[in-house]
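User: I have a model open and I don't know where to start. Can you walk me through some of it?
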Amino acid sequence: MHFNIGEPNRMANALLIENGVIVTMDGDGRIIEGGSVLIENGIITSVCNGQVVDVDAERIDARGMVVMPGLIDTHAHAGHTLTKGLGDDSEQWMNVTGRIYASAVDTEFWTAEACLSALERIKCGTTTAALLFGGGPDIMRTEGPEAAEAHLAAVADMGVREILAVGPNRPTSRHVYTDYAGGTGREIAVSPLEQLAVCGRLIDAWAGRSDLLHLGISLPVFTASELEDESVYKISADARDMAREKGVLLVQDGHREGSIAANATRLDLFDEHSLLAHCIELTEADIAVLKQTGAKVAHNPSALMSVSGRCPALELMEQGVTVSLGTDAAAPDRPFDMFRNMFQAHRYHARHLRDDTVLPPMQLLAMATIEGARALSMENEIGSIEVGKRADIILVNMRQPHLWPPVNPVQRLARFANGADVDTTIVGGRVLMRGRKLVDQDENAILERAETAFHRMIARLPAL
């Protein structure tokens, strides 16, 4: 079967991937042995059995490889790749990271960290990620636009696709940041309402600037009792209204035990453009809200919250709720490797239910691709290899001992593969990595820049 748009023998900026096993992740779950994918100007224009002969295009021989959609990580954090290894346990790491984000970073930190984060994603096949700008509800660097601008510019240059959620802190304490714009530290106090205004300006400034980058609004998760506070209610309502007015995702990190129902009752907070991370120990009322509103879930089986409680991912999917996978990367103990996350998701729920048949391989791949796209409201653009979609594609080298023998490619991907098996990463038709070598970027330079930024950051925390 051959699907085409236009005339493939007259294509400009064309790329042809041939001789691979194509795991399409389309609605029919097609797997095409020895197939070809043709890309024109960043869009998939043909998916077919066999070779395409009469076409003028750059060719990639995918013999021995699986050709599949790029992986989609629906919950991670900007900043964390440069805080790995700090602290002896998770609580200490959280405290140190909070101090770092508030008082030890400059725009160069955010640039260097963004390049390092994007590099890791490219090398493990994650073509799209949704990141919160900061970590935790009280360390969002939105006192001004400069830090986020630095991050976004670096990500755009690296070429990966990203949704960056920017937002306010909790309105329950005074927030002071150190600004190093003049070379020496200068303290700045900021209110959550001021932060939200900065977020609005950022969203407007980046609207339409790059098809790779989108912004969203992040909002701390508040309990029912906290929502009785007028300042908490106001910042939540304002964030809700801004997200809906600007047509962007509303992202929250840390829902559990009745918080979804409480926010729905008090604020009517959720709709189909809401992305809720973790969602552990949910009540029946929480689940009813997810079903009624169409809000999506980012399940993070490797995260700390999944140690303290369980996300009922299987039960939610059985009731029609969109559940995607997130890494909660990149620290204190988890990378951006979505293959590792797929494996961990299976073991996490199989152990809980005492049933190894739950989350079969194709379902895991869907959670990491097309369901991730649905969670980001991007299912018409990415998440599967289909004609008309953006060409976010990875090639996985299957000719390796841990991925042999060459049978059942879906099972080998979900059960045995890891991020280091990704040979080629393509985003929007642009080849970012080939043969595990970056095409347009200097990997060593990125690592060295990140190391310099790390040491500068540490020097500003002499008591660390």
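Analyst: We can go through some helices, a loop residue and a few backbone angles. Keep in mind that this is a predicted model.

User: Ok, helices. What span should helix 1 have, and what does it have?
Analyst: Helix 1 covers residues 90-103, which is 14 residues. At 1.5 Å a residue it should span 20 Å, and its end C-alpha atoms are 20 Å apart, so the two agree.

User: Which of its residues are buried?
Analyst: The buried residues of helix 1 are W93, V96, T97, G98, I100, Y101 and A102.

User: And what do those pack against?
Analyst: The buried residues of helix 1 pack against strand 7 (71-78), helix 2, strand 10 (175-179) and helix 14 (443-459).

User: Helix 2 then. Is it mostly covered or mostly open?
Analyst: Mostly covered: 14 of the 17 residues of helix 2 are buried. Helix 2 runs over residues 107-123, and its expected span of 24 Å agrees with the 24 Å between its end C-alpha atoms.

User: What comes just after it?
Analyst: G125, which takes a positive phi of about 85° just after helix 2. There is a similar entry for helix 4: just after that helix, G208 takes a positive phi of about 75°.

User: Since you brought up helix 4, what is buried there?
Analyst: P192, Q195, L196, V198, C199, G200, L202, I203 and W206 are the buried residues of helix 4. They pack against helix 3, strand 9 (161-166), strand 10, strand 11 (186-190), strand 12 and helix 5. As for length, helix 4 has 15 residues, which should span 21 Å, and its end C-alpha atoms are 21 Å apart.

User: How do helix 3 and helix 4 sit against each other?
Analyst: Two packed helices are described by the angle between their axes and the distance between the axes. The axes of helix 3 (residues 146-158) and helix 4 (residues 192-206) come within 11 Å and cross at roughly 30°. That makes helix 3 roughly parallel to helix 4. The crossing is right-handed.

User: Which residues make the contact?
Analyst: On helix 3 they are A148, E149, L152 and A153, and on helix 4 they are L202, A205 and W206. By class, 6 are nonpolar, none is polar and 1 is charged.

User: Is there another pair of helices to look at?
Analyst: Helix 6 and helix 7 pack at an angle of about 60°, with axes 7 Å apart. They are therefore oblique to each other. Their crossing is left-handed.

User: What meets what there?
Analyst: S259, I260, A261 and A264 of helix 6 meet A285, D286, V289 and L290 of helix 7. The contact has 6 nonpolar, 1 polar and 1 charged residues.

User: New topic. Where is F222?
Analyst: F222 is in the loop between strand 12 (213-218) and helix 5 (230-246).

User: Buried or exposed?
Analyst: Buried, because its relative accessibility is 0%.

User: What does it touch?
Analyst: Leaving out residues up to four places away in sequence, F222 touches R170, P171, L227, V232, I235, S236, S259 and N263. S259 was also named in the helix 6 contact with helix 7.

User: How far is F222 from P168?
Analyst: Their C-alpha atoms are separated by 13 Å, and the two residues are 54 residues apart along the chain.

User: Any odd backbone angles?
Analyst: Most residues other than glycine have a negative phi, and most peptide bonds are trans. E257 is not a glycine and has a positive phi of about 45°. E257 lies in the loop between strand 13 (250-253) and helix 6 (259-267). E281, also not a glycine, has a positive phi of about 50°.

User: Where is E281, and how exposed?
Analyst: E281 is in the loop between strand 14 (274-277) and helix 7 (284-293). At 38% relative accessibility, E281 counts as partly exposed.

User: Which peptide bonds are cis?
Analyst: Among them are the bond from A329 to A330, with omega near 15°, and the bond from W404 to P405, with omega near 10°. A330 lies in the loop between strand 16 (323-325) and helix 10 (338-353). P405 lies in the loop between strand 17 (393-397) and helix 13 (409-415).

Note on methods:
Residues are numbered from 1 along each chain as its sequence is written. This is a predicted model: local features need pLDDT of at least 70, side-chain atom pairs count only at pLDDT 80 or more; totals for chains, interfaces and linings use all residues. Side-chain values use heavy atoms; hydrogens and water are left out. Helices (H or I, at least four residues) and strands (E, at least two) are DSSP runs, numbered from the N terminus. The expected span of a helix is 1.5 Å times one less than its number of residues. Buried means under 20% relative accessible area, exposed over 50%, partly exposed in between (1.4 Å probe, protein chains only). Contact means heavy atoms within 4.5 Å. Axes are lines fitted to C-alpha atoms, for helices over the stretch in contact, and angles run from 0 to 180 degrees between N-to-C directions. Angles under 35 degrees count as roughly parallel, over 145 as roughly antiparallel, 65 to 115 as roughly perpendicular and the rest as oblique. A crossing is left-handed if the near helix is turned anticlockwise from the far one by less than a right angle, and right-handed if clockwise. Ala, Val, Leu, Ile, Met, Phe, Trp, Tyr, Cys and Pro count as nonpolar, Asp, Glu, Lys and Arg as charged, and the others, Gly among them, as polar.
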